[in-house]
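Reader: Hi! I'm new to this one and would love a friendly walk through it. Could you put it up so we can look together?

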Amino acid sequence: MTVIDRRDTASLRLPALAAPLLLLVYALFRVADGLDGDRGNGWAWDVGHVAFGLGILCFAVLAVRLRGVLLPAGLRAMLETAAAATLLGAAGFLWVIGYDLFPGLEEVAVIPGPVFVLGPVLFELGLLALLVRAVVVRPRLLPAWSPALVLVGFVAIAVNLDLLPLGATLVLVGLLPLARRR
């Protein structure tokens, strides 16, 4: 069994907790923004999207730190690919969030269609691959149900953005084992 330094796993705590909590904040502000029957261009829209962007950045940090924790366990190419996919997907999300916050950006640079489709897919598949690898390599670090719960949360969000609060909560519960003290 591979030994993982406790200091390395401690670096997972903050992003594992902050990322899904910020996603949940975005979900709640999205609900608040839609209470008047219209979504977009207002304080709730802006605050929600800033929380979403910060959450995506925290997910990116989590991916990089997970990669680092898991690298001593081997499969370097797989871990590098999964981390890169997560980061590319996060960049796509941030690009779209920037457009949502600053509609005038559309006049400066058009978002390519694949960014809308491939960004979320790369982000989710990359992060899920890292979580599954963590289960295989370090079952005490992350139980088998964690990636499954994160997947169900991502699927809920993809099916209908109105399920974002539920999906964010599922992702939060799925990542809680990484946030606990060991």
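Reader: Let's start with helix H2, residues 13–34. What span should its 22 residues have, and how far apart are its end C-alpha atoms?
Author: Happy to help, and do keep in mind that this is a predicted model. At 1.5 Å a residue, helix H2 should span 32 Å, and its end C-alpha atoms are 32 Å apart, so the two agree.

Reader: Nice. Which residues of H2 are buried?
Author: They are Pro15, Ala16, Ala18, Ala19, Pro20, Leu23, Leu24, Tyr26, Ala27, Arg30 and Asp33.

Reader: And what do those buried residues pack against?
Author: Three other helices: H3 (43–70), H7 (145–159) and H8 (164–179).

Reader: Why does Tyr26 count as buried?
Author: Tyr26 has 9% relative accessibility, and buried means under 20%, so Tyr26 counts as buried.

Reader: Switching topic: how many aromatic pairs does the structure hold?
Author: There are six. In one of them, Tyr26 and Phe52 are stacked, at 4.5 Å centre to centre with 10° between the planes. That pair joins distant parts of the chain, with Tyr26 in helix H2 and Phe52 in helix H3, 26 residues apart.

Reader: Is Phe52 buried or exposed?
Author: Buried, because its relative accessibility is 13%.

Reader: How are Phe123 and Phe154 arranged as a pair?
Author: They are tilted, with 6.2 Å centre to centre and 55° between the planes. This pair also links distant parts of the chain: Phe123 belongs to helix H6 and Phe154 to helix H7, 31 residues apart. Phe123 counts as buried at 2% relative accessibility, and Phe154 does at 5%.

Reader: Which residues do ring pairs link into a cluster?
Author: Tyr26, Phe52, Phe59, Phe93, Phe123 and Phe154.

Reader: Now the empty space. How much lies in the largest pocket?
Author: About 520 Å³. Its lining has 26 residues, and Phe52, Phe93, Pro120, Ile157 and Leu161 lie nearest the centre.

Reader: Which element gives the largest share of that lining?
Author: H6 does, with six residues. By class, the pocket lining has 20 nonpolar, three polar and three charged residues.

Reader: What about the largest cavity, how much space is in there?
Author: About 30 Å³. Lining the largest cavity are Tyr26, Phe29, Arg30, Asp33, Ala44, Trp45, Gly48 and His49. H2 and H3 are the elements that give two or more residues to that lining.

Reader: How does the cavity lining divide by class?
Author: Four residues are nonpolar, two are polar and two are charged.

Conventions
Residues numbered from 1 in each chain as written. Predicted model: local features only at pLDDT ≥ 70, side-chain atom pairs only at ≥ 80, totals over all residues. Heavy atoms only, no water. Helix = DSSP H or I, 4+ residues; strand = E, 2+ residues; numbered from the N terminus. Expected span 1.5 Å × (residues − 1). Buried < 20%, exposed > 50% of the residue type's maximum accessible area, 1.4 Å probe, protein only. Contact = heavy atoms within 4.5 Å. 1 Å grid on protein atoms, 1.4 Å probe; cavity = no way out; pocket = protein on both sides within 12 Å on 5 of 7 lines; lining within 4 Å. Points joined across faces, edges and corners; volume = space filled by probe spheres on them. Nonpolar A, V, L, I, M, F, W, Y, C, P; charged D, E, K, R; others polar. Phe/Tyr/Trp six-rings, centres within 6.5 Å; stacked < 30°, edge-to-face > 60°.
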